[in-house]
Amino acid sequence: MCESRVVCYPFHPFMLLKACHCQCGIQYVTRSEKRLELVFTKHQWGGPPTTVSQDPVGITAVVDTVTAKVPLHIPQNGSLQFILTGCLEAFVRALADFTQNGSEKRRVLELCSKEGSADYNSFVRDANVCLLDLLRAFPSCLPPLSLLFEHLPKLQPRAYSAASSSLQHPGKVHFVFNVVEFPARPEHLARTGLCTGWLADHVSSILRPLGTVPASEHLGTSALPKVHVRPRPSSTFHLPADPSIPVVMVGPGTGVAPFIGFLEQRNIEEKEREANQEATFRETWLFFGCRHKDKDFLFREELERFAHNGTLSHLIVCFSRDEPDAAGTVNSPTYVQHNLRLHAKNVASILLKDKGCLYVCGDAKNMAKDVNDTLLEIIGNKLQIDILDAMKIVAGLREEKRYLQDIWS
């Protein structure tokens, strides 16, 4: 199985149409001063946003500027709702000219000035302020659609690791996500991540408590929520073709996702090879971690089943925020790199002696760095070499495609 990422295209309710001035045939001016024209094919602006926003519009170049082009990520024929919620990302600039209140306009200009750069960082960038937050903060700012279309960058797809094997689930793909949450601040209301929040809302109607029959099994395909996805196969992040090669997998939290697919595939292949009395499989290690055993242990039943039937040789888990120890004192947080260190002898033997593979999936900012540092420590101690020589060994593992990462920030 070639591990792949599911690229999800979110459609987020922008709720901007009430704030936009729009008339039939408004003109769209690009940064290169080449004019485009936005033409409503059914209605002029003025009706309820939920009505007009769903009517198709045509975006065409003005006749006297033959070199003018519509941005590639804006469809030629689509509704305003589709364009604003499915094609464009939020922006923070070029709003001062459309802010009518004098004090609000001065504040916007201040944020855009060189002298206001520190204030801009604290008020906008560090606070993760989006366009909707700015429109709430400056109610007299009424940007036209032409400005939005000019400055809003393309809404980027989000990639998720496939958490299933096509051998086990032909024609289907599973993926797992945590809903990103942004707590309320003076600059903005509480909100969720654009894609994860949209996904959670989109599937809320079919969610059921763990252990109950999924609602999707009672509904026909036409009644299920639709998510636009496309596969993005990986040419390297997959199990080795030779089953005699041992593997070590490190995937805390949702980083465990691709390894569920790995283990589903390995389980099926083992059954097929046992029936034919073919080659045996070498050991598989999985280092998993989360905050709380009873709240965050993703795929617990599946992993314990794989460990019980031998598909997973070693399941090493840790919980960084669980209950205190027997003495009543809270233990130090335990993360996957700590367990790697505890099993350093086995990890070193698999990578250096048995020519095994190491897979790491999850957070790039902290976890992946800590795991890499721990790997350098393990190899340095095993071979009695300094950090520079250990780095050369690790670089060699990467070149041989035996140290592979599927990480995100």
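**Entry 1: overall.** I began with burial and found that 41% of the 409 residues in the protein are buried. Buried means under 20% relative accessible area, exposed means over 50%, and partly exposed lies in between, with a 1.4 Å probe and protein chains only. The model is predicted, so I note that local features need pLDDT of at least 70, side-chain atom pairs count only at pLDDT 80 or more, and totals for chains, interfaces and linings use all residues. Residues are numbered from 1 along each chain as its sequence is written, and side-chain values use heavy atoms, with hydrogens and water left out.

**Entry 2: surface and contacts.** I looked up the accessible surface of the protein, which comes to about 22400 Å²; carbon and sulfur atoms hold 53% of it. Accessible areas come from the Shrake-Rupley method with a 1.4 Å probe, and for residues only the protein chains shown count as cover. Of the contacts in the protein with a separation of 6 or more, 70% are between residues 24 or more positions apart. A contact means heavy atoms within 4.5 Å.

**Entry 3: secondary structure.** I noted 14 helices and 14 strands. Helices (H or I, at least four residues) and strands (E, at least two) are DSSP runs, numbered from the N terminus.

**Entry 4: strand β13.** I then turned to β13, which spans residues 357-363. This strand is mostly covered, with 6 of its 7 residues buried. Which strands pair with β13? Strand β10 (residues 247-250) does so in the parallel sense over 4 bridges, and strand β14 (residues 403-408) also in the parallel sense, over 6 bridges. Two strands pair if DSSP finds at least two bridges between them. I picked out one residue pair on each side: M249 has Y359 in β13 as its bridge partner, and V360 stands opposite Q405 in β14.

**Entry 5: cysteines.** I searched the whole structure for disulfides (pairs of cysteine sulfur atoms within 2.5 Å) and found 0. I checked two cysteines for burial: C195 is buried at 3% relative accessibility, and C357 is buried with a relative accessible area of 6%.

**Entry 6: positive phi.** I looked at two residues that are not glycines but have a positive phi. N128 has a phi of about 55 degrees and lies in the loop between α4 (117-125) and α5 (131-137). At a relative accessible area of 40%, N128 is partly exposed. K355 also has a positive phi of about 55 degrees, and I located K355 in the loop between α12 (344-353) and β13. K355 counts as partly exposed, at 48% relative accessibility.
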